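Work through the following exercises with the structure open beside you, and try each task before reading its solution.

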Amino acid sequence: MSRVYNFSAGPAALPEEVLRQAAAEMLDYRGTGMSVMEMSHRSKEFENIIEGAEATLRELMSIPASYKVLFLQGGASQQFAAIPMNLTRNGTADYIVTGQWAKKAAAEAEKYTKVNRIASSADKIFSYIPDCSDLPVDKDADYVYICQNNTIYGTRYPQLPKTKGRPLAADVSSMFLSEPVDVEKYGVLYAGVQKNAGPAGLVVAVIREDLIREDIWPNTPVMLSWKTQADAKSLYNTPNCWAVYICGLVFEWLKKNGGLAAMRERNEKKAGLLYDYLDCSSLFRGTVEPASRSLMNVPFVTGNEELDKTFIKEAAAAGLVNLKGHRTVGGMRASIYNAMPYEGVEALVKFMKEFEAEHA
Ligand SMILES: *Cc1c(COP(=O)(O)O)cnc(C)c1O
């Protein structure tokens, strides 16, 4: 067996230790004689799995008791609709548009509420995060929406926007659990877990209790009502049991490896290695303004599309895979989530140096 260094943006690499444990428990989960995939979601065993996952997550993120944790389906994209459905009271919401995902979220919200796009970085192909220190937040805005780490463009908010007391709703899919987080600054934060925590098909949402209400958009499908999901402890219907289980293992792995402060340190070291090289390379350059750089997704180009293609192909042959940039941006993108070891980034930089020596 040989494993590659997988730089995929999502679904993305998982810790090898977690995969090994899942493999070992595949046929007989802890003496039950069955796999987690074959288990009733109403069984005692699964109850332990989902409650254990939530408890570990609460510990990792220091989630206050006044916040609910929900395990939801439909991917991050489903929350683009669920957010306006659950939060609209005054009928207006403010969106900061920093890339494709925020753009899509705003377009979806427009079906349910009035959307003000109060800031955008579209003018420079989303290569920076706009100044959010004094935005024209509507005093009646039901929420202010951001995508905190922009997976495609490789930007991350250097600090959270000032929302003038309005609840902040944040898509944190591609930075989930990559660094410590002050949950109390958010009304709701949510993540599709396939970027940094588990298999596709599960969303973790952390929502301030007072925002989980009965008086929501009248035609909200029952599955999209946070109240329904919270009252049923995420078991209104059959959840993605397998993904909940794997996430639980990943949360344990994070805890064992020092929690989110240790992750940030690791991630800063990994990203630093790659950015430092990009800043001095005579062939490759990063595409993002330094102050807005993501720790998780690092886009870069040579400036020559043919050479980019050659690089991606040769890197793959050397066991460094999924380095192709998003189709809307081109070039390369290295996604270096929690599960990517430092050695993986070292191997990438070494390969880039060799490629540079050959082609610069
Ligand atoms: C991948 C991604 C999404 C979409 O996730 P799905 O689970 O496929 O709907 C949304 N937002 C961000 C920031 C992402 O990285």
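**Exercise 1.** In this predicted model, find which helices and strands the buried residues of helix H7 pack against, and check whether the length of H7 agrees or disagrees with the span expected for its residues.

*Solution.* Begin with the residues of H7 that are buried, a word that here stands for under 20% relative accessible area: they are Gly259, Leu260, Met263, Asn267, Lys270, Ala271, Leu274, Tyr275, Tyr277 and Leu278. Next, look for their partners, which are the helices H2 (44-61), H6 and H9 (342-359), together with the strands S11 (285-286), S12 (297-301) and S14 (332-335). When you look at the spacing of such a list, recall that an α-helix has 3.6 residues a turn, so residues three or four places apart point the same way. Finally, test the length: H7 covers residues 259-280, and because each residue counts for 1.5 Å, its 22 residues should span 32 Å, which agrees with the 32 Å between its end C-alpha atoms.

**Exercise 2.** Describe the largest nonpolar core, and state which residues have the most contacts inside it.

*Solution.* The largest nonpolar core has 87 residues, and those with the most contacts inside it are Phe176, Phe284 and Phe311. Helix H6 (residues 241-256) supplies the largest share of this core, namely 11 residues. At least three residues of the core come from each of domain 1 (17-256) and domain 2 (258-359). Now follow one of the residues named above: leaving aside residues up to four places away in sequence, Phe311 touches Phe284, Phe300, Leu323, Met332, Leu348, Phe351, Met352 and Phe355. Another core, of 29 residues, lies apart from the largest one and includes Phe80, Ala81, Ala205 and Trp226.

**Exercise 3.** Give the strand order of the open sheet of 7 strands, and explain which strands stand at its edges.

*Solution.* Reading across the sheet, the order is S2-S10-S9-S8-S5-S3-S4, and the pairing is mixed. Strand S2 (67-72) and S4 each have a single partner strand, so they stand at the edges, and one side of each is left without a neighbour in the sheet. On average, neighbouring strands are turned by 20 degrees against each other, direction ignored. At the S2 edge, S2 and strand S10 (residues 203-208) pair in the antiparallel sense over 6 bridges, and phenylalanine 71 stands opposite valine 204 in S10. To finish, place the helix on this part of the sheet: H2 lies across S2, strand S9 (188-192) and S10, and runs at about 130 degrees to S2.

Terms used: Residues numbered from 1 in each chain as written. Predicted model: local features only at pLDDT ≥ 70, side-chain atom pairs only at ≥ 80, totals over all residues. Heavy atoms only, no water. Core = buried A, V, L, I, M, F, W, Y, C linked by side-chain atoms within 4.5 Å. Buried < 20%, exposed > 50% of the residue type's maximum accessible area, 1.4 Å probe, protein only. Helix = DSSP H or I, 4+ residues; strand = E, 2+ residues; numbered from the N terminus. Domains from an automatic or database assignment. Contact = heavy atoms within 4.5 Å. Expected span 1.5 Å × (residues − 1). Pairing = 2+ DSSP bridges. Axes fitted to C-alpha atoms, helices over the stretch in contact; angles between N-to-C directions.
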